[in-house]
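Here is a friendly walk through a single model, taken sheet first and helices after. Have the viewer open as you read.

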Amino acid sequence: MKYKAVLFDLDGTLLDTARDIMQACNYTLEKFGFSKLDESILRTKITAGMREMMKLSVPKDKWDSAGVETVMRECFANYYTEHINDRTVPFDGINELMAKLLKNGIKTAVITNKYEAMAKKLLSKYEFSKNLTLILGCDSLSHSKPHPEPILKTLEKMGLNSDEAIYIGDHKNDITASRAAKTDSVAALWGYGTKECDDVSNWGATYIAKDVNELFSIIFC
């Protein structure tokens with residue numbers, strides 16, 4: 001096989017988490033007296049984080065007084081953690097891909113900018129998570145993506161060189177981190193990043209995949 005390990009981003013790559021994230025955001029906004037947001041607006045900030053999503057509704061001059069960085073963020077995080085798997089599902093083909101990777105002895109890991117405890121709780125529902133070598137969250141290291149540290153640390157823990165792994169993500173930050181870590185990369189067009197970043201052709205990904213089925217031909221070529 002070309003690769004000994006396949007490394008995944010989480011939100012927008014392995015799992016379609018958007019609906020649960022958006023629900024947590026609107027619950028928080030409404031609780032603190034702000035207007036809920038339409039899905040089309042929220043989807044432009046899904047991977048940007050809780051605070052950036054709420055700022056789409058909270059006027060800038062009220063960010064401090066409303067507690068966007070404190071009490072609102074805590075409310076968002078608590079609600080999301082409690083409802084983290086209400087409507088989240090794997091993207092089409094992910095379960096089959098993970099099963100084939102396992103069958104072929106290819107290691108897998110998840111590198112996410114989600115908090116590690118959240119990521120582990122979220123992934124625990126899915127059978128394939130039992131076979132992950134590693135789950136690395138944004139609070140696991142000093143730096144998060146787009147810094148290469150999470151990918152480099154994962155390779156170190158897996159005992160692999162950069163040319164033995166490929167990183168798959170839906171956001172420009174994923175590809176930037178992968179390039180800096182000198183691993184091959186796949187820009188996943190089925191995720192959220194194309195709504196938040198510039199043209200995917202500018203990201204510098206080794207490959208671009210329109211759906212999970214295309215990953216099979218990239219990984220198992």
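**Briefing: the sheet and its helices**

Helix H8 (residues 149-158) lies across S1, S4, S5 and S6, and its direction makes an angle of about 150° with S4. Please keep in mind that this is a predicted model. The strands that H8 lies across belong to an open sheet of six strands, so let us begin there.

**The sheet as a whole**

- Reading across the open sheet, the six strands come in the order S5-S4-S1-S6-S7-S8, and the pairing is parallel.
- S5 and strand S8 (207-209) take the edge positions with a single partner strand each, so one side of each has no neighbour in the sheet.
- On average, neighbouring strands of this sheet are turned by 20° against each other, direction ignored.

**Strand by strand**

- Strand S1 (residues 5-8) and S4 run parallel and are joined by four bridges.
- Within that pairing, Leu 7 has Ala 109 in S4 as its bridge partner.
- On to the next pair: three bridges connect S4 with strand S5 (residues 134-136), again running parallel.
- Ala 109 appears here too, standing opposite Leu 134 in S5.
- S1 also pairs in the parallel sense with strand S6 (residues 165-169), over four bridges.
- For Val 6, the bridge partner in S6 is Ile 166.
- S6 and S7 run parallel as well, with four bridges between them.
- Tyr 167 faces Ser 185 in S7 across this pairing.

**How covered are the strands?**

- Strand S4 (residues 107-111) is mostly covered, with four of its five residues buried.
- S7 is largely enclosed by the rest of the structure, because four of its five residues are buried.

**A closer look at Thr 108**

- Thr 108 is a residue of strand S4.
- Is Thr 108 buried or exposed? Its relative accessibility is 5%, and with the cut-off for burial at under 20%, Thr 108 counts as buried.
- Setting aside neighbours within four places in sequence, Thr 108 is in contact with Val 6, Phe 8, Met 98, Leu 101, Asn 131, Leu 132, Thr 133, Leu 134 and Met 158.
- Several of these contacts can be placed with the elements already introduced: Val 6 has its bridge partner in S6, while Leu 134 is in S5.

**Helix H10 and Leu 215**

- Helix H10 (residues 212-219) lies across S1, S6, strand S7 (184-188) and S8, and runs at about 145° to S8.
- Leu 215 is found in helix H10.
- With 0% relative accessibility, Leu 215 counts as buried.
- Which residues does Leu 215 touch, not counting those up to four places away in sequence? They are Leu 97, Ile 168, Val 186, Trp 190, Ala 209 and Phe 220.
- From C-alpha to C-alpha, Leu 215 and Ala 165 are 14 Å apart in space, and 50 residues separate them in sequence.

**H6 against H10**

- Helix H6 (residues 94-103) and H10 have axes that come within 9 Å and cross at roughly 20°.
- An angle under 35 degrees counts as roughly parallel, and H6 and H10 are therefore roughly parallel to each other.
- Their crossing is right-handed.
- On the H6 side the contact is made by Ile 94, Glu 96, Leu 97, Lys 100 and Leu 101, and on the H10 side by Val 212, Leu 215, Phe 216 and Ile 219.
- Sorted by class, the contact of H6 with H10 has seven nonpolar residues, two charged ones and no polar ones.

**H5 against H7**

- Helix H5 (residues 71-82) packs with helix H7 (residues 116-123) at an angle of about 20°, and their axes lie 10 Å apart.
- H5 and H7 are therefore roughly parallel to each other.
- The crossing of H5 and H7 is left-handed, whereas that of H6 and H10 is right-handed.
- From H5, the residues Ala 77, Tyr 80, Thr 81 and Glu 82 meet Met 118, Lys 121 and Leu 122 of H7.
- The residues of this contact divide into four nonpolar, one polar and two charged.

Definitions and conventions
Residues numbered from 1 in each chain as written. Predicted model: local features only at pLDDT ≥ 70, side-chain atom pairs only at ≥ 80, totals over all residues. Heavy atoms only, no water. Axes fitted to C-alpha atoms, helices over the stretch in contact; angles between N-to-C directions. Helix = DSSP H or I, 4+ residues; strand = E, 2+ residues; numbered from the N terminus. Parallel < 35°, antiparallel > 145°, perpendicular 65-115°, else oblique. Left-handed = near helix turned anticlockwise from the far one by under 90°. Contact = heavy atoms within 4.5 Å. Nonpolar A, V, L, I, M, F, W, Y, C, P; charged D, E, K, R; others polar. Buried < 20%, exposed > 50% of the residue type's maximum accessible area, 1.4 Å probe, protein only. Pairing = 2+ DSSP bridges.
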